Amino acid sequence: MRKGLMRGGLTKARAAGCALGAGLLWTAAAQAQQISDDVVRIGVLSDMSGLYADTAGRGSVEAAKMAVADFGGQVLGKKIEVVWADHQNKADVGATHARTWFDRDGVDLIVDINNTAVAIAVNNLARERGKMVINTGGASDILTNEHCAPTAIHYTYDSYALANGAVRGILAQGKKDWFILGVDYAFGKAMTANVTDFLKEGGGKLVGTTFHPLNASDFSSFLLQAQASKASVINLANATSDTVNAIKAAHEFGIAPRQTLVPSLLFINDVHALGLRYGQGMVLTTGFYWDRTEATRAWSRRFFEKMKKMPSMIHAGAYSAVTNYLKAVQATRGDDGNAVARQLKQMPIEDFFAQNGKVREDGRMVHDMYLVHIKKPEESRYPWDYYKVLSTIPGDEAFRPLSKSSCKLVKTS
């Protein structure tokens, strides 16, 4: 009987072992299959036809596709797809695209979103649906403050970091009295607030502010107000063609270079459109410059072959964000938004775009920024040779510290 019991016990043990082994295999297989719809879908939501299209737009789509191709076109054995839509710089249009992507089309990640009003709407949807958003194009630092979300990451730059570098750099030249000419929507208001705060901290003085419509056709009345203020500095809290047109008009009216123009947000593409004749000598902050290192040059030349222009920091940020998102999907063995966001907050971010990068609990991706000035025409040695890097601003100094954050995700105790 003992012999029989022993054989029976062994049989049961083997059966239990087989069941356990099968269960483990099933669990491993299930973990490997945690890709919704068997496809990882990445949506590029950008301005494809308006004033912000050149610095983001189709270039961001191409950067995302380059990242997917370099990753091998699949993750965890599942296909990666890139889709895109034009938000038209309208919050309701952008929200409609994002809602459709999340609810019907199985999009797992949205990138770019180069308009603050659109970005706020998309962050709200991401929070409700537990979907990933990596904002590589929007500027306002309110996206990681009052509009932060557990699955939303602000990646490339923000208004705080841009204002930080530029204001400190110009104040160091002894130019203390400023006038701000900003665009009249969320980004312009956020940038104006950031510049004002840094002026106060640095002993500067704001002598006046005015706001112009988005995509303004005439800057004369706004610039005359700035001229009448007799401020040493006219800060441009706008972007792309609005910045370019304001700078050209300031030169035509003889306002510059008598009063120093300081753009808050200027892309390499804007300098290309503006020309070094108008741009020379201006100081600005950027998150990326194509000609900074061998690695930035190598990737940028690949981008140039496809787009016939050098990448903006939004384009480079989109490539980096998609690549690191896919690494996080691979590490978590799934595309669940909350899990992937947690993984990204544990990973170091280090590539040709981001040095010393890390994603904080508020969703801010902290990385080194660069203070640059625009070269004189005679200093430029070849096409797109526009910047001289004056200094590297460490990420922890460039971006708003967590101690000043108003994000509800930040632990205060």
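This report describes the pockets and cavities, one helix, the salt bridges and some backbone features of a predicted model.

Residues are numbered from 1 along each chain as its sequence is written, and side-chain values use heavy atoms, with hydrogens and water left out. Because the model is predicted, local features need pLDDT of at least 70 and side-chain atom pairs count only at pLDDT 80 or more, while totals for chains, interfaces and linings use all residues.

**Pocket and cavities**

On a 1 Å grid over the protein atoms alone, a cavity is a set of points where a 1.4 Å probe fits but cannot get out, a pocket is an open set with protein on both sides within 12 Å along at least five of seven lines, and lining residues have an atom within 4 Å of a point. Grid points are joined across faces, edges and corners, and a volume is the space filled by probe spheres set on the points.

The largest pocket holds about 270 Å³ of space. Its lining is made up of 16 residues, and those nearest the centre of the pocket are Pro257, Thr260, Gln280, Gly281 and Met282. Two or more lining residues come from each of strand 10 (260–263) and helix 10 (276–279), and strand 10 gives the most, with three residues. Helices (H or I, at least four residues) and strands (E, at least two) are DSSP runs, numbered from the N terminus. By class, the pocket lining has eight nonpolar, six polar and two charged residues, where Ala, Val, Leu, Ile, Met, Phe, Trp, Tyr, Cys and Pro count as nonpolar, Asp, Glu, Lys and Arg as charged, and the others, Gly among them, as polar.

There are four cavities of 30 Å³ or more in the structure. The largest cavity has a volume of about 110 Å³, and of the 16 residues that line it, Tyr52, Asn114, Gly137, Tyr157 and Leu265 are the closest to its centre. Its lining divides into nine nonpolar, seven polar and no charged residues, and at least three residues are drawn from each of domain 1 (40–157 + 290–367) and domain 2 (160–286), with bounds that come from an automatic or database domain assignment. The second largest cavity holds about 60 Å³ of space, and the residues lining it include Phe267, Phe288, Trp290 and Tyr387. Domain 1 and domain 2 both give residues to this lining, so the second largest cavity lies between them.

**Helix 8 and the loop after it**

The 13 residues of helix 8 (residues 240–252) should span 18 Å at 1.5 Å a residue, and the end C-alpha atoms are 19 Å apart, which agrees; the expected span is 1.5 Å times one less than the number of residues. Among the buried residues of helix 8 are Val244, Ile247 and Ala250, buried meaning under 20% relative accessible area, exposed over 50%, and partly exposed in between (1.4 Å probe, protein chains only). Just after helix 8, Gly254 takes a positive phi of about 75°. The peptide bond from Ala256 to Pro257 is cis, with omega near 10°, and Pro257 lies in the loop between helix 8 and strand 10.

**Salt bridges**

A salt bridge is a side-chain nitrogen of Lys or Arg within 4 Å of a carboxyl oxygen of Asp or Glu, and a search of the whole structure finds 21 of them. The table gives three of these pairs.

| Pair | Closest N to O distance |
|---|---|
| Asp70 and Arg302 | 3.0 Å |
| Glu81 and Lys79 | 3.7 Å |
| Arg381 and Asp385 | 3.2 Å |

Asp70 lies in helix 2 (residues 57–71) and Arg302 in helix 11 (residues 294–307), so this pair ties together parts that are 232 residues apart in sequence. Asp70 is partly exposed at 41% relative accessibility, and Arg302 is partly exposed at 33%. In the pair of Arg381 and Asp385, Arg381 is exposed at 60%, whereas Asp385 is buried at 1%. Glu81 and Lys79 belong to a network of salt bridges that also links Asp37 and Arg41.

**Positive phi outside glycine**

Gln88, a residue other than glycine, has a positive phi near 60°, and Gln88 lies in the loop between strand 3 (78–86) and helix 3 (91–105). Asn215, which is not a glycine either, has a positive phi of about 60°, and its place is in the loop between strand 8 (205–212) and helix 7 (220–229).
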